Amino acid sequence: MQNSMPKGEGGMVVVLGTTVENIENILKDNQNRFRAEIANDNSEGQIVVSGRILDLEKLGAFLKKNRIKNIKLPVSAPFHCSLMNKATDIMREELAKLSFKKGENSLISNITANEIFNANELKDLLVKQIENRVRWRESVINMIEKGVNQFIEIGPGKVLSGLVKRINKDVEVISINNEDDIKSIKI
């Protein structure tokens with residue numbers, strides 16, 4: 001995915017303290033001044049935007065002028081936006097070679113924030129996630145509405161756990177960062 005565009009030409013910015021709707025309006029109203037796309041709707045007040053560095057700098061200046069906090073992220077590419085189209089083509093070709101079985105567990109797509117019902121839909125959504133917004137906030141809300149009350153984050157750090165707690169303080173969140181965490185987990 002990093003090879004979709006030359007290194008240093010694209011990036012991502014996290015925007016804090018505003019709504020996804022506000023950022024959508026800013027991007028739409030200023031599309032002639034700068035082009036960028038919402039890459040992640042992480043939680044109320046935390047939206048990540050992807051685009052070319054020059055456009056992100058113009059967006060950053062506009063946000064700063066309007067007293068909206070934004071921070072450039074240390075990433076190698078503008079993930080989850082149309083600038084990743086070369087990676088989309090590669091992923092589509094690779095996934096076409098694979099056969100997927102119907103899963104035993106429910107999955108929620110980070111593209112639609114809805115449940116995935118068949119293997120072909122899953123394959124299609126895996127391709128689409130390369131260029132489309134991650135609807136994390138909506139996905140978590142949908143899971144909670146479907147009765148999920150416990151989330152387990154596996155991997156280093158607790159970023160996703162923190163986002164889940166920002167979305168709903170009443171759910172249980174467990175982070176597994178090492179072997180001791182695995183041994184102490186109670187499900």
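1. Ile-187 counts as exposed, because its relative accessibility is 78% and the exposed class begins over 50%. In this predicted model, the residue sits in the segment after α7 (179–184). Ile-187 also belongs to a nonpolar surface patch, in which Ile-152 and Ile-154 are its partners. Together these isoleucines present about 360 Å² of accessible area.

2. Strand β1, which spans residues 10–16, is mostly covered, with 6 of its 7 residues buried. Which strands pair with β1 in the antiparallel sense? One is β3 (residues 46–52), joined to β1 by 7 bridges. Another is β4 (residues 69–72), paired with β1 over 4 bridges. Individual positions fix the register: Met-12 has Ser-50 of β3 as its bridge partner, while Leu-16 stands opposite Lys-69 in β4. As background, side chains in a regular strand alternate between the two faces of the sheet.

3. Arg-67 deserves a look at its backbone, since its phi is near 60°, a positive value in a residue other than glycine. The residue lies in the loop that leads from α2 (53–65) to β4. Is Arg-67 buried or exposed? With a relative accessibility of 79%, Arg-67 counts as exposed.

4. Ala-113 likewise has a positive phi, of about 65°, although it is not a glycine. Its place is the loop between β5 (107–108) and β6 (115–116). Ala-113 counts as buried because its relative accessibility is 4%, where the buried class requires a value under 20%. The contrast with the preceding point is plain: Arg-67 is exposed, whereas Ala-113 is buried.

5. Helix α5 covers residues 136–145, and its buried residues are Trp-136, Arg-137, Ser-139, Val-140, Asn-142 and Met-143. What covers these buried residues of α5? The cover includes the helices α1 (20–29) and α6 (159–167). It also includes the strands β2 (36–43), β5, β6 and β7 (150–154). Two of these strands, β5 and β6, flank the loop that holds Ala-113.

6. After α5 comes Gly-147, which has a positive phi near 105°. The positive phi values of Arg-67 and Ala-113, by contrast, belong to residues that are not glycine. For a check of backbone geometry, these three positions may be viewed together: Arg-67 in the loop before β4, Ala-113 in the loop before β6, and Gly-147 following α5.

Technical notes. Residues are numbered from 1 along each chain as its sequence is written. This is a predicted model: local features need pLDDT of at least 70, side-chain atom pairs count only at pLDDT 80 or more; totals for chains, interfaces and linings use all residues. Side-chain values use heavy atoms; hydrogens and water are left out. Patches are made of residues with over 30% relative accessible area and no salt bridge: like charges are joined within 9 Å, nonpolar side chains (Val, Leu, Ile, Met, Phe, Trp, Tyr) within 5 Å. Accessible areas come from the Shrake-Rupley method with a 1.4 Å probe; for residues, only the protein chains shown count as cover. A salt bridge is a side-chain nitrogen of Lys or Arg within 4 Å of a carboxyl oxygen of Asp or Glu. Helices (H or I, at least four residues) and strands (E, at least two) are DSSP runs, numbered from the N terminus. Buried means under 20% relative accessible area, exposed over 50%, partly exposed in between (1.4 Å probe, protein chains only). Two strands pair if DSSP finds at least two bridges between them. Contact means heavy atoms within 4.5 Å.
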